[in-house]
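Student: Got a minute? I'd like to go through a structure with you, helices to start and then some odd spots.
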Amino acid sequence: MTLTNGLLSAPYLCRMKSEAGASQKTDIRTLSLDELKQKFSDLGEASYRAAQVYEWLWKKSARSISAFTNLSVALREALDKEFTILPIETYKEQLSDDGTVKAAFRLHDHHLIEGVMIPADDRMTACVSSQVGCSLTCAFCATGKLDRLRNLTAGEIYDQVVALDQTARKYHEHPLTNIVFMGMGEPLLNYRGVLEGIDRLTAPDGLNMSPKRITVSTAGIAKMIKRLGDDAVRFNLALSLHAANDEKRSQVMPINDQNTLETLMDALQYFYQKTGNRITFEYLVFKDFNDTEEDALQLARYCGRIPARVNIIEYNHVDGVAFQQTTPERLDRFIAVLERKGVNVHVRRSRGKDIDAACGQLANKLGDKGAA
């Protein structure tokens, strides 16, 4: 915020007035295609105009109604009186030596969220957020230190992917290939927004990405996992496990008190029966907490109950959190036990160690600076 002699500067006052006006309009991206067709009918326009607008919104990623250049000026002005587009903006970027890029995005209401672009071999993966903050208070996560303020809209989820695709092209001259919902927030607590966002990312009249290139990672909400099965989703599902016994898991993930490992397994088996999609278990290996051979045996037994793979994740340390990454020796022994038991295991090396790459780190550091 800029101050001039104790008064708000003219540019800031203009922006406040502009945003106040925009807030009274409906975000046009919240309308379905059928609702757009009805709106154009009300305006006395042909229904095919709705399809044109839909293409501008979800295929061409238009950021303003003035961009709809195949509509007449009069029609654009009529739409602009009632509707707006509320895109996200890149507020800050951090570039790691390994090519990872962490971005803080500012929303129309000035809240900050995070996204990460992760290069690895021939893959460019976007890690996106689903909520502003999080309500789950996982002990190892920086986002757990932030209050959950609201859910993201489908448009805000879509915008993260578009922005991170531009980032991948800018720094690596390569488009995005994969999307993971492992950023701020619990995706299944924003069920509608996440599924609508994925629909726009995968639809032929959207970005037309393959759902098999999209993974939704959850801390484990059994009833919502079953709902995914009932909805026959085509994207991949990952469970943040981090311990294969209830006592340890509840210590680091309080949600386990209401969604025990047995309850989650029942939900996962239901999901697999409905979709045929193999589950991914994510496992952060913490020094002197969940990195023993017995921990590995428990993990192997749990995973053996369903077709699954295990992603072993190196921990990116978070300031103010006691957990540390395990030693290379203990990690090697842990992995050897899993492989001996026939577990399909992959080690995901930590990226962006020289920047605030862990989930929530950058937003915590910036605080509410993005509101100015």
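Tutor: We'll take helix packing, then cysteines, then backbone angles. Keep in mind that this is a predicted model.

Student: OK. At roughly what angle do the axes of α5 and α6 cross?

Tutor: Roughly 50 degrees. The axes of α5, residues 154-172, and α6, residues 191-202, come within 8 Å. The two helices are therefore oblique to each other. α5 passes α6 in a right-handed crossing.

Student: Which residues make the contact?

Tutor: From α5, Ala154, Ile157, Tyr158 and Val161. From α6, Gly193, Val194, Glu196, Gly197, Arg200 and Leu201. By class, that contact has 6 nonpolar, 2 polar and 2 charged residues.

Student: And α2 with α3, at what angle do they cross?

Tutor: Roughly 130 degrees, with the axes again within 8 Å. α2 covers residues 33-42 and α3 covers 48-58. Angles over 145 degrees would count as roughly antiparallel. α2 and α3 are therefore oblique. Their crossing is right-handed.

Student: Who meets whom there?

Tutor: Leu33, Leu36, Lys37 and Phe40 of α2 meet Arg49, Ala50, Ala51, Val53 and Tyr54 of α3. The classes are 7 nonpolar, no polar and 2 charged.

Student: Switching to α7. Which of its residues are buried?

Tutor: Ala222, Met224, Ile225, Leu228 and Gly229, in a helix that spans 222-230. Their cover includes α6, β12 (214-218), β13 (236-240) and α9 (261-275).

Student: Tell me about Met224. What does it touch?

Tutor: Leaving out residues up to four places away in sequence, Met224 touches Leu188 and Tyr191. Met224 sits in α7. It counts as buried, at 11% relative accessibility. Its C-alpha is 9.9 Å from that of Phe271, 47 residues apart along the chain.

Student: What about α10, which residues are buried there?

Tutor: Asp295, Ala296, Gln298, Leu299, Ala300, Tyr302 and Cys303, within a helix that runs over 293-303. The buried residues of α10 pack against α8 (246-252), α9, β14 (279-284), β15 (308-313) and α11 (328-340).

Student: Cysteines next. How many disulfides?

Tutor: The structure holds 0.

Student: Why no bond for Cys138?

Tutor: The closest cysteine sulfur to that of Cys138 is in Cys141, 6.3 Å away, and that is too far for a bond. The cut-off is 2.5 Å between sulfur atoms.

Student: Are those two buried or exposed?

Tutor: Cys138 counts as buried, at 14% relative accessibility. Cys141 is buried too, at 18%.

Student: Last topic, backbone. Which sign of phi do most residues other than glycine have?

Tutor: Negative. Thr137 has a positive phi of about 50 degrees and is not a glycine. It lies in the loop between β9 (131-132) and β10 (150-151). With a relative accessible area of 44%, Thr137 is partly exposed.

Student: And what is the phi of Asp288?

Tutor: Positive, about 60 degrees, and Asp288 is not a glycine either. You'll find Asp288 in the loop between β14 and α10.

Student: Is Asp288 buried or exposed?

Tutor: Asp288 counts as exposed, at 58% relative accessibility.

Student: Back to α7 for a second. Which residue follows it, and what is its phi?

Tutor: Ala232 follows α7, and the phi of Ala232 is positive, near 50 degrees.

Note on methods: Residues numbered from 1 in each chain as written. Predicted model: local features only at pLDDT ≥ 70, side-chain atom pairs only at ≥ 80, totals over all residues. Heavy atoms only, no water. Axes fitted to C-alpha atoms, helices over the stretch in contact; angles between N-to-C directions. Helix = DSSP H or I, 4+ residues; strand = E, 2+ residues; numbered from the N terminus. Parallel < 35°, antiparallel > 145°, perpendicular 65-115°, else oblique. Left-handed = near helix turned anticlockwise from the far one by under 90°. Contact = heavy atoms within 4.5 Å. Nonpolar A, V, L, I, M, F, W, Y, C, P; charged D, E, K, R; others polar. Buried < 20%, exposed > 50% of the residue type's maximum accessible area, 1.4 Å probe, protein only.
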